[in-house]
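Subject: Handing over a structure, with notes

Hello,

I am passing a structure on to you, together with some notes to help you find your way around. Please open it first and then read on.

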Amino acid sequence: MSVVCAIGAQWGDEGKGKVVDLLTERADVVVRFGGGANAGHTLVLGDDTLITHLIPSGVLHPGTACVLGDGMVIDPETLVDEIAAIQARGLLSGGELLVSDRAHVVMPYHKLIEARREAGRGAIGTTGRGIGPAYEAKAARRGIRVRDLLRPDRLRELVARNLDEISPLIATLGGREPSAADIAGWIDAAARAGEALAPHIGDASRFIHGAIGDHKRVLCEGAQGALLDIDHGTYPYVTSSATGAAGACQGAGIGPTDIDRVVGITKAYATRVGSGPFPTEMAAEMAAVWREAGAERGATTGRPRRVGWLDIPALRLAIRKNGITALALTKLDVAVGQPEIQVCVAYDLDGRQIDEMPLDPDDLARATPRYQRFAGWDAPCREARAVDDLPGAAQTYVSALESLLGVPFFLISVGPARAATISLSDPFAE
Ligand code: GDP
Ligand code: IMO
Ligand code: MG
């Protein structure tokens, strides 16, 4: 297999960072294809932790090319800081980083609009990284692209054209209209970041095609998760990009037939940050126990994550809409010590049993999860390196999930560290 796409199968934070880091062992190129610094992907290496927001999580493997694809929205100052922090670890100094010249730029005024909207009615609970307004500008064909950072005259003209509309909007939303000094500062900062990024900017799609042509292994790293997809998630409580396998084609600039395999990543339970429906959400007391055990706080915003039981109908939706043929199951160790684990296996809706999560908000509000209960286990499982090493009740849980989902696990993660992993099959294998 030459091109593998690994995506979050829930509402984000499934452990993509760890899984992508492991898969990159076998990859020559790793590509982020969508979203921006709303992502927070955690990599644990011994006592050291690195959280990537824009740079692919394969970055710890020296020599692997790291690509920021066409479909991303990039905050240039955040990227410059992230590159510096990673270079300080002795990585990314050999030209491994390529930033698409077609990716869009998140400007400070995008964050201002978002902050004002989030302070008003209909807040989504966003990450505050300017993602929505940057994608809006792109769809309105008024966006600023990474290539524009290299031409200050063009940058100035584009910002001016945008602010004609955006300044009054900020005021309408209750904010202070940006001053001439604000605007000059934003343009200067973006142009300076552009100068710093210049050696890394290029044609990402062509580079990826070249790698595929040379039979190199390419890993497309999803951000967010299937249920946060703009088209296929729990709209409007979603992000503003295509987070799934189709987004990988669009955002990496490759064709659907270039992708050989799509794998998903899911926790052994469920979490969500921000607002929106979460039918399997646990009662507050139980959620607090799991949140503590799983250290469930946002890697980008530090917000406590909402916690719920695993939702098989939601995963079935993610599997079907993305062509997922295998899953990584993460955070199985978090369940240790729980007397009982519940799993939503179907929904009851208007007297009918349905196997996939309904996405229509009215249907979802009326749907009630139907649970199957599993016995918990007390024995720790972080040292397990094969399914047989797991406590019996954990083995029962894992195999029940595989049959409920209809796809196998290729990996089971039993702790944040690289070594705390049961590897079952290699997605890059034929
Ligand atoms: P991502 O956004 O999908 O990359 O996930 P995050 O990094 O936002 O959140 C996942 C969190 O779970 C991080 O703190 C990881 O270090 C941690 N993690 C990943 N896999 C495991 C696991 O198997 N067990 C435990 N206990 N933690 C894990
Ligand atoms: P990773 O890649 C979890 C959520 C936000 C909010 C909604 C819209 O780490 O899994 P946005 O800032 O994108 O406009 O917010 O999407 N969200 C995430 N939740 N993990 C993420 O990324 C997320 N990126 C966005 O909390 O509900
Ligand atoms: Mg995250």
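What volume does the largest cavity have? About 40 Å³. Before going further, please keep in mind that this is a predicted model, and that the values below are computed from it.

**The cavity**

The count of cavities of 30 Å³ or more comes to one. V59, H61, P62, G63, T64, C66, L91, L92 and E96 line the largest cavity. Sorted by class, that lining holds five nonpolar residues, three polar ones and one charged one.

**The largest pocket and ligand 2**

Next, the pockets, starting with the largest. The largest pocket holds about 810 Å³ of space, and ligand 2 is what takes up that space. Its lining is made of 40 residues, and those nearest the centre of the largest pocket are I124, T126, T127, V238 and T239. If you like to navigate by secondary structure, look for α3 (108-119) and α4 (131-139), each of which gives at least two residues to this lining. The largest share comes from α4, with four residues. By class, the lining of the largest pocket splits into 14 nonpolar, 17 polar and nine charged residues.

Now zoom in on the ligand itself. Ligand 2 is surrounded by 20 residues, and D13, K16, H41, T127 and T239 are the closest. T127 and T239 are thus worth finding on your screen, since you will meet them both among the residues nearest the centre of the largest pocket and among those closest to ligand 2. The shell around ligand 2 contains seven nonpolar, 10 polar and three charged residues.

Several backbone atoms come up to the oxygen atoms of this ligand. A polar backbone atom of D13 is 2.8 Å from an oxygen atom of ligand 2. For G40, the distance from a polar backbone atom to an oxygen atom of ligand 2 is 2.9 Å, and for G125 it is 3.3 Å. On its own, ligand 2 has 550 Å² of accessible area, and the protein covers 98% of it.

**The second largest pocket and ligand 1**

Which pocket does ligand 1 sit in? Ligand 1 is found in the second largest pocket, where there is about 500 Å³ of space. This pocket is lined by 27 residues, with G15, T42, G294, K331 and P416 closest to its centre. Both α1 and β3 contribute at least two residues each to the lining of the second largest pocket. That lining divides into six nonpolar, 10 polar and 11 charged residues.

Around ligand 1 there are 20 residues, and the closest are K16, G17, T42, D333 and S413. Here α1 (16-24) and β3 (41-45) turn up again, each giving at least two residues to the shell around ligand 1. The shell is made up of five nonpolar, seven polar and eight charged residues.

K16 is a residue to look at from both sides: it is listed among the closest to ligand 1 and among the closest to ligand 2. A backbone N or O atom of K16 is 2.7 Å from an oxygen atom of ligand 1. For a backbone N or O atom of E14, the distance to an oxygen atom of ligand 1 is 3.0 Å, and for one of G415 it is 3.1 Å. Ligand 1 exposes 590 Å² when taken alone, and 93% of that is buried by the protein.

**Backbone details**

A few spots in the backbone deserve a look as well. Which residues does a cis peptide bond join? Y235 and P236 are joined in this way, with omega at about 5°. P236 belongs to the loop between β10 (218-221) and α8 (245-252).

Q224 is also placed in the loop between β10 and α8. Its phi is positive, near 55°, although Q224 is a residue other than glycine.

D13 has a positive phi too, of about 60°, and is not a glycine either. You will find D13 in the loop between β1 (3-8) and α1. This is the D13 you met above, with a polar backbone atom 2.8 Å from an oxygen atom of ligand 2.

Enjoy exploring, and write back with any questions.

Best wishes

Technical notes
Residues numbered from 1 in each chain as written. Chains lettered and ligands numbered in written order. Predicted model: local features only at pLDDT ≥ 70, side-chain atom pairs only at ≥ 80, totals over all residues. Heavy atoms only, no water. Near = heavy atom within 4 Å. Polar contact = N/O pair within 3.5 Å; in protein donor to acceptor, adjacent residues only side chain to side chain. Areas by Shrake-Rupley, 256 points an atom, 1.4 Å probe, with all protein chains shown as cover. 1 Å grid on protein atoms, 1.4 Å probe; cavity = no way out; pocket = protein on both sides within 12 Å on 5 of 7 lines; lining within 4 Å. Sits in = over half its atoms within 2 Å of the grid points. Nonpolar A, V, L, I, M, F, W, Y, C, P; charged D, E, K, R; others polar. Points joined across faces, edges and corners; volume = space filled by probe spheres on them.
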